[in-house]
Amino acid sequence: MDLNFRFSNLIGSVYRNGDVIFSPDGNSVISPIGNKISIFDLKNNVSRTLCFDCIYNIVAVALNSTGSHMLVSNEGGHVLYINMSTETVIFKFRANRTVRALQFSPDRNFIAICRDMDLQIQEIGKQSASVYYPFHLSKTYKLSSDTLNCVAWSSDGCLLAAGGEDHIVRVVGARDYRNLYIHALAAHKGAIVTCHFMGENYDLITVCKRGIANVWTASIQPGDLVEGVWTKPDDDMESEDEAVTRLHFDKTKRYSLLESSGSGKSGIDVTSCQFHSKSSILVTAYSNGVFVLHEIPSFALIHNLRVSEMQITSVAINNTGDWLALGCGKGSAAQLVVWEWQSETYVLKQQSHSQRIVTSQFSPDGSLIATGAEDGKVKIWNGLTAFCTVTFDEHTSAVTAVCWTQSGKAILSASLDGTVRAHDLKRYRNFRTLVCPEPTQLGSLAVHQSGDIVAAGAKELFTIFIWSMENGSLLDVLSGHQSNIAGISIHGNVLASVSWDRTLKMWNIVDSTCETTELPQEGLAVSFSQCGQLVAVLTVDSNITLYHAKDMAFVGSIDARLDLDPSRGQADTITRQNAAKSKSFTCMQFSPDSSLLLLGGESNIFCVYSVADRMLMKKFTITENRSLDGVVLDVNRRNFTEFGNMELFDFSDSDHEPDGKRAIRLPGSKHFDLGERSAKPQVLVYAVAFCPTGRKFVVCSTEGVGVYSLDTVSIFDPFQLDSGTTPATVKDALSLNDFSTALMASLRLNDTPLIQRSMESTPVKQIGLVVRALPLLYVEKLLKWIADGRVVADSTHIHFYMIWLRDILNTHGMRLKGRTDVAVLTGVQQILAHHSQLISKL
């Protein structure tokens with residue numbers, strides 16, 4: 001039993017807060033989502049989430065000029081140095097202060113970090129022999145009395161410009177120069193949003209929050225800087241100073257960017273700005289959702305568009321200057337837009353649910369994931385690319401449950417508006433609406449295997465409604481529960497329902513008879529195993545009771561109360577042990593082979609249990625993000641003073657809120673927006689769902705929908721490796737036209753580029769011979785590589801790889817039958833369907 005599930009992707013969320021940047025090739029957008037980083041590959045139309053986890057929300061992101069390394073800073077003042085080829089954190093250090101901006105130098109040898117009021121320049125690669133520390137502090141400038149917001153390098157890496165909340169831009173040297181020490185440019189009325197050097201010279205453009213843009217012309221050119229110690233102009237060193245030209249800037253242009261905001265000058269701020277030096281284009285984003293392109297230095301208006309009703313938090317422009325990436329909004333309601341301004345078309349437009357996601361289900365073939373949220377929307381996500389393909393928004397209230405029909409052609413959703421809506425995935429339309437006979441809220445949903453019968457449990461009437469899918473008519477109303485129906489599940493003609501009245505009822509939907517079983521506590525969830533032989537019931541004391549489905553004979557129970565291990569909330573006035581008594585697991589699901597149970601609930605932990613042994617198999621932690629409540633096990637006693645817990649006080653100056661006013665929360669209300677600053681959202685699990693292949697599952701939590709998979713591609717995972725198998729062996733075999741040996745050696749190394757090279761070097765006429773020469777074990781590895789990797793799915797050589805697949809299945813098909821994992825064959829089928837869909841659009 002393989003339980004090595006690893007976090008593989010985060011769907012349901014595309015942007016939260018922080019800097020959006022492009023990769024150096026301009027084909028990928030890097031977007032921070034809470035404490036994680038997602039990369040959206042626009043060329044191959046796929047997204048992935050890096051597997052590292054920050055302990056606070058990410059604020060700033062920077063990538064070097066080759067894309068090999070990345071710097072990330074978070075709210076807690078930690079800076080992470082990441083290797084992008086292996087996607088691992090190489091080094092982490094604490095800046096001990098807020099880091100709002102950081103940048104690599106153009107030659108990749110230095111990094112500039114805006115550490116609150118200081119500007120630090122660190123040299124990369126200069127380390128001592130005794131301890132690994134890749135950064136060496138080169139210089140520190142105490143620049144401002146307020147926080148620094150932005151930093152920029154000159155094209156030759158000799159000068160830096162930094163601006164902050166004190167309305168002043170300061171230019172400093174990366175080393176000691178006789179031409180300057182700290183040169184201040186003060187001509188702004190608001191906090192500095194951005195400062196950029198223009199092209200290959202030292203001319204500068206600066207933009208402030210009030211929309212004032214200034215162009216500054218430098219007195220010297222690159223190459224005129226003289227290394228040495230700066231001296232004051234009034235010193236008696238006139239002979240030396242004659243040869244050194246002092247650096248100073250003249251303001252040659254001033255322009256008010258608010259004239260192009262579309263809403264006048266009142267109440268509108270510039271929220272983000274980027275300058276593209278190759279094409280001399282300035283991209284300005286405003287708090288009213290408008291972005292504008294200007295040509296510099298004439299400030300001629302090129303483009304003006306409103307992309308969102310929310311404010312644009314971050315803007316980026318790719319290396320060619322054609323695509324703009326815009327991060328709009330804050331928290332869970334944010335969206336990510338990539339806009340091609342010349343053709344005025346969307347390259348990418350992805351928006352997450354604006355409120356918490358409470359339910360999720362895989363399609364029967366495992367290729368699609370449906371999510372439902374409190375914003376009343378149902379979204380369908382592609383499991384392979386992690387992109388949202390369609391959004392259904394017909395519901396007028398929160399969605400509480402989603403279900404697929406067995407054919408996978410329709411998705412059903414139940415809502416608090418009292419309706420069940422069926423959507424067709426061919427034409428993307430709401431083809432059936434099932435309405436309750438009297439107004440009520442629906443909290444649970446189940447569909448018969450045939451797809452003809454739909455059942456939904458009412459929250460207020462304590463009844464279960466049965467509809468016909470064919471004509472939408474109400475067939476039956478099952479009443480008998482005395483309290484809220486917490487969950488229902490259907491298998492064959494038997495419907496199981498569990499309620500807060502401490503009963504489990506087994507209904508025969510043909511003759512409406514009922515068999516009742518008393519429970520020791522209030523029921524929260526019920527589930528049939530996939531084989532239909534077992535029924536599992538979860539109660540409020542985190543106890544799972546297993547029954548035989550036929551005669552309701554007791555099989556066993558699992559006490560999961562101690563495995564929940566909930567943290568103490570920051571607002572809790574009681575101890576963690578007492579607070580844990582009111583928390584429990586709330587959702588569960590069987591694995592497709594009925595051997596495992598997946599549980600999640602009011603905690604940062606979810607668990608996998610063995611059904612046969614009735615014991616805990618593995619514990620998973622959702623997140624380490626301390627920007628959320630419920631992550632740290634207990635409150636930090638160091639924060640306790642005579643005034644109480646200092647963590648509960650908001651020390652902010654409200655400078656990030658609209659109009660400088662902090663949002664006032666209504667008493668007793670809960671808001672799940674991660675951008676809210678006055679309270680931390682609590683980490684909870686709302687739903688869990690297994691993929692029908694059994695190779696992955698999803699967990700709906702406060703963070704979004706996390707996908708955990710057994711098929712995560714590791715960087716180096718050799719197979720039957722010996723000392724004679726090296727990349728040189730593969731290349732030598734290819735030079736001798738020994739294609740089967742080269743392919744087997746590359747499969748042993750599990751090196752994707754070598755496998756691709758070995759396959760694509762094989763002539764078409766010899767593919768059949770190479771396939772026949774492969775042992776069955778290597779054929780399975782090759783099929784798994786085809787199904788898991790992105791090479792075949794993204795390749796332009798479609799016909800070539802289809803010949804490989806045809807010869808593999810024709811030659812080894814009978815021996816692979818019953819031996820190869822279903823997930824591998826499903827993955828191959830999904831790749832074929834993907835290529836078929838692309839070809840059909842030509």
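Me: At what angle do helix 5 and helix 8 pack, and how far apart are their axes?
Reply: Happy to start there, keeping in mind that this is a predicted model. Helix 5 passes helix 8 in a left-handed crossing. The two helices pack with their axes 10 Å apart, at an angle of about 65°.

Me: Which residues of helix 8 make the contact with helix 5?
Reply: Let's take both sides of this contact in turn. Helix 5 brings Leu743, Met744, Leu747 and Arg748. Of the residues in the contact, 5 are nonpolar, none polar and 2 charged. The partners on helix 8 are Tyr778, Lys781 and Leu782.

Me: How are helix 4 and helix 5 oriented to each other, roughly parallel or roughly antiparallel?
Reply: Helix 4 covers residues 727-735 and helix 5 covers residues 739-749, and their axes lie 8 Å apart. The angle between them is about 165°, and angles over 145 degrees count as roughly antiparallel. Helix 4 and helix 5 are therefore roughly antiparallel.

Me: How many charged residues are there in the contact of helix 4 with helix 5?
Reply: Here helix 4 passes helix 5 in a left-handed crossing. Pro727, Val730, Ala733 and Leu734 come from helix 4, while helix 5 offers Phe739, Thr741, Ala742, Ala745, Ser746 and Leu749. These residues divide into 8 nonpolar and 2 polar, and the number of charged ones is none.

Me: Which word describes how helix 8 and helix 10 lie to each other, oblique or roughly antiparallel?
Reply: Helix 8 spans residues 776-788 and helix 10 spans residues 798-816; their axes are 11 Å apart, at an angle of about 130°. Roughly antiparallel needs an angle over 145 degrees, and roughly perpendicular runs from 65 to 115. Helix 8 and helix 10 are therefore oblique.

Me: How do the residues in the contact of helix 8 with helix 10 divide into nonpolar, polar and charged?
Reply: This is a left-handed crossing of helix 8 past helix 10. From helix 8 come Leu776, Val779, Glu780, Leu782, Leu783 and Ile786, and from helix 10 come Trp804, Leu805, Ile808, His812, Arg815 and Leu816. The division is 9 nonpolar, 1 polar and 2 charged.

Me: Which element gives the most to the lining of the second largest cavity?
Reply: The structure holds 4 cavities of 30 Å³ or more, and the second largest has about 70 Å³ of space. Its lining includes Phe7, Lys36, Ile622 and Tyr708. The elements that give two or more residues to this lining are strand 1 (6-11), strand 57 (696-701) and strand 58 (704-709). With 4 residues, the one that gives the most is strand 58.

Me: How many residues in the lining of the second largest cavity are charged?
Reply: Among the lining residues are Leu10, Ser701, Glu703 and Gly706. The lining has 6 nonpolar and 3 polar residues, and the number of charged ones is 2.

Me: Which residue does a cis peptide bond join to Ile296?
Reply: Good one to check in the loops. Look between strand 24 (290-295) and strand 25 (300-306), where the residue in question has its place. Omega of the bond is about 10°, and the partner of Ile296 is Pro297.

Me: What is the phi of Asn96?
Reply: Asn96 has its place in the loop between strand 9 (88-94) and strand 10 (99-104). Its phi is positive, in a residue other than glycine, and lies near 65°.

Methods:
Residues are numbered from 1 along each chain as its sequence is written. This is a predicted model: local features need pLDDT of at least 70, side-chain atom pairs count only at pLDDT 80 or more; totals for chains, interfaces and linings use all residues. Side-chain values use heavy atoms; hydrogens and water are left out. Axes are lines fitted to C-alpha atoms, for helices over the stretch in contact, and angles run from 0 to 180 degrees between N-to-C directions. Angles under 35 degrees count as roughly parallel, over 145 as roughly antiparallel, 65 to 115 as roughly perpendicular and the rest as oblique. A crossing is left-handed if the near helix is turned anticlockwise from the far one by less than a right angle, and right-handed if clockwise. Contact means heavy atoms within 4.5 Å. Ala, Val, Leu, Ile, Met, Phe, Trp, Tyr, Cys and Pro count as nonpolar, Asp, Glu, Lys and Arg as charged, and the others, Gly among them, as polar. On a 1 Å grid over the protein atoms alone, a cavity is a set of points where a 1.4 Å probe fits but cannot get out, and a pocket is an open set with protein on both sides within 12 Å along at least five of seven lines; lining residues have an atom within 4 Å of a point. Grid points are joined across faces, edges and corners, and a volume is the space filled by probe spheres set on the points.
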